[in-house]
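Me: Please take a close look at one loop position in this chain. I would like to know how it sits, and then how the helices around the chain pack together.

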Amino acid sequence: HGGNQAKEAVVSTQSTGEAKSVYERALEIDPKNAEAQQGYQHCVNQMRNLSPEERAKNAMMDPEIQQILKDPAMQVILEQMQKDPTAAQEHLKNPQVAEKFQKLVQSGIVSIR
């Protein structure tokens, strides 16, 4: 029953990143759900095949990514990280910052050199 909801949500999503998030949530609820596992893997593979530009473009359509990028605190942190790599280590000690940063990296918006 729960699998159908995930499938419908994914079918109606345009972005692979959004679909991946839906599958992640489905797997949190039911880790053994084969459909969610396959869907998640499919999204991961599709994202791998995209160019960095395409990944970033897709990510910009993700409301969660938009929210992170609009967050004034995150803007300051990202700016500091660009100028001073040691600042990055300090900021990433904060679990909320680390989680948001990880999402930006996974989405292709931020690249780590």
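Reply: Serine 15 is buried, because its relative accessible area of 4% is under the 20% cut-off for a buried residue. The model is a predicted one, and what follows should be read with that in mind. Serine 15 lies in the loop that joins helix H1 (2-11) to H2. Which residue, 44 positions away along the chain, has its C-alpha atom 7.7 Å from that of serine 15? The residue is alanine 59.

Two further positions can be set beside serine 15. Leucine 50 also belongs to a loop, the one between H3 and helix H4 (52-60). Leucine 50 has a relative accessible area of 24%, so it counts as partly exposed. Leaving out residues up to four places away in sequence, leucine 50 touches Arg55 and Asn58. Its C-alpha atom is 9.9 Å from that of glycine 108, a residue 58 positions away along the chain. Glutamate 53 sits in helix H4. With a relative accessibility of 59%, glutamate 53 is classed as exposed, since the cut-off for that class is over 50%. Glycine 108 comes up here as well: glutamate 53 and glycine 108 are 55 residues apart in sequence, with 7.9 Å between their C-alpha atoms.

Now the chain as a whole. It has eight helices and zero strands, so the order of elements from the N terminus reads α-α-α-α-α-α-α-α. The chain has 113 residues, and 34% of them count as buried. Among contacts with a separation of 6 or more, 48% are between residues 24 or more positions apart.

The loop of serine 15 leads into H2, so H2 is a convenient place to start on the packing. Helix H2 (residues 16-29) packs on helix H3 (residues 34-49) with the axes 9 Å apart and an angle of about 150°. The two helices are therefore roughly antiparallel, the cut-off for that word being an angle over 145 degrees. The crossing of H2 and H3 is left-handed. From H2 the contact takes in Thr16, Gly17, Ala19, Lys20, Tyr23, Glu24, Ala26 and Leu27. From H3 it takes in Glu35, Ala36, Gln37, Gly39, Tyr40, Cys43, Val44, Gln46 and Met47. Sorted by class, the residues in the contact of H2 with H3 are nine nonpolar, five polar and three charged.

Further along the chain, H5 and H6 pack with their axes 5 Å apart, at an angle of about 75°. H5 is therefore roughly perpendicular to H6. H5 contributes Ile68, Leu69 and Lys70 to the contact, and H6 contributes Pro72, Met74, Gln75 and Leu78. By class, the contact of H5 with H6 has five nonpolar residues, one polar and one charged.

H6 also packs with H8. The axes of helix H6 (residues 72-83) and helix H8 (residues 95-107) come within 12 Å and cross at roughly 70°. These two helices are therefore roughly perpendicular to each other too. On the H6 side the contact involves Met74, Ile77, Leu78 and Met81, and on the H8 side Val97, Lys100, Phe101 and Leu104. Of the residues in the contact of H6 with H8, seven are nonpolar, none is polar and one is charged.

Several of these names return in the nonpolar cores. The largest core has 13 residues, and those that touch the most other members are Met74, Ile77, Leu78, Met81, Phe101, Leu104 and Val110. Helix H5 (63-70), H6 and H8 each supply at least two residues of this core. Apart from this core lies another, of six residues, including Tyr23, Ala26, Ala36 and Cys43. Those four residues also take part in the contact between H2 and H3.

Leucine 104 shows how the parts around the largest core come together. What does leucine 104 contact, leaving aside neighbours within four places in sequence? Its partners are Ile65, Ile68, Leu69, Met74, Leu78, Ile109 and Val110. Among them, Ile68 and Leu69 belong to the H5 side of the contact of H5 with H6, while Met74 and Leu78 belong to the H6 side.

To return to the request: serine 15 is a buried residue in the loop between H1 and H2, with its C-alpha atom 7.7 Å from that of alanine 59.

Key:
Residues numbered from 1 in each chain as written. Predicted model: local features only at pLDDT ≥ 70, side-chain atom pairs only at ≥ 80, totals over all residues. Heavy atoms only, no water. Axes fitted to C-alpha atoms, helices over the stretch in contact; angles between N-to-C directions. Parallel < 35°, antiparallel > 145°, perpendicular 65-115°, else oblique. Contact = heavy atoms within 4.5 Å. Nonpolar A, V, L, I, M, F, W, Y, C, P; charged D, E, K, R; others polar. Core = buried A, V, L, I, M, F, W, Y, C linked by side-chain atoms within 4.5 Å. Buried < 20%, exposed > 50% of the residue type's maximum accessible area, 1.4 Å probe, protein only. Left-handed = near helix turned anticlockwise from the far one by under 90°.
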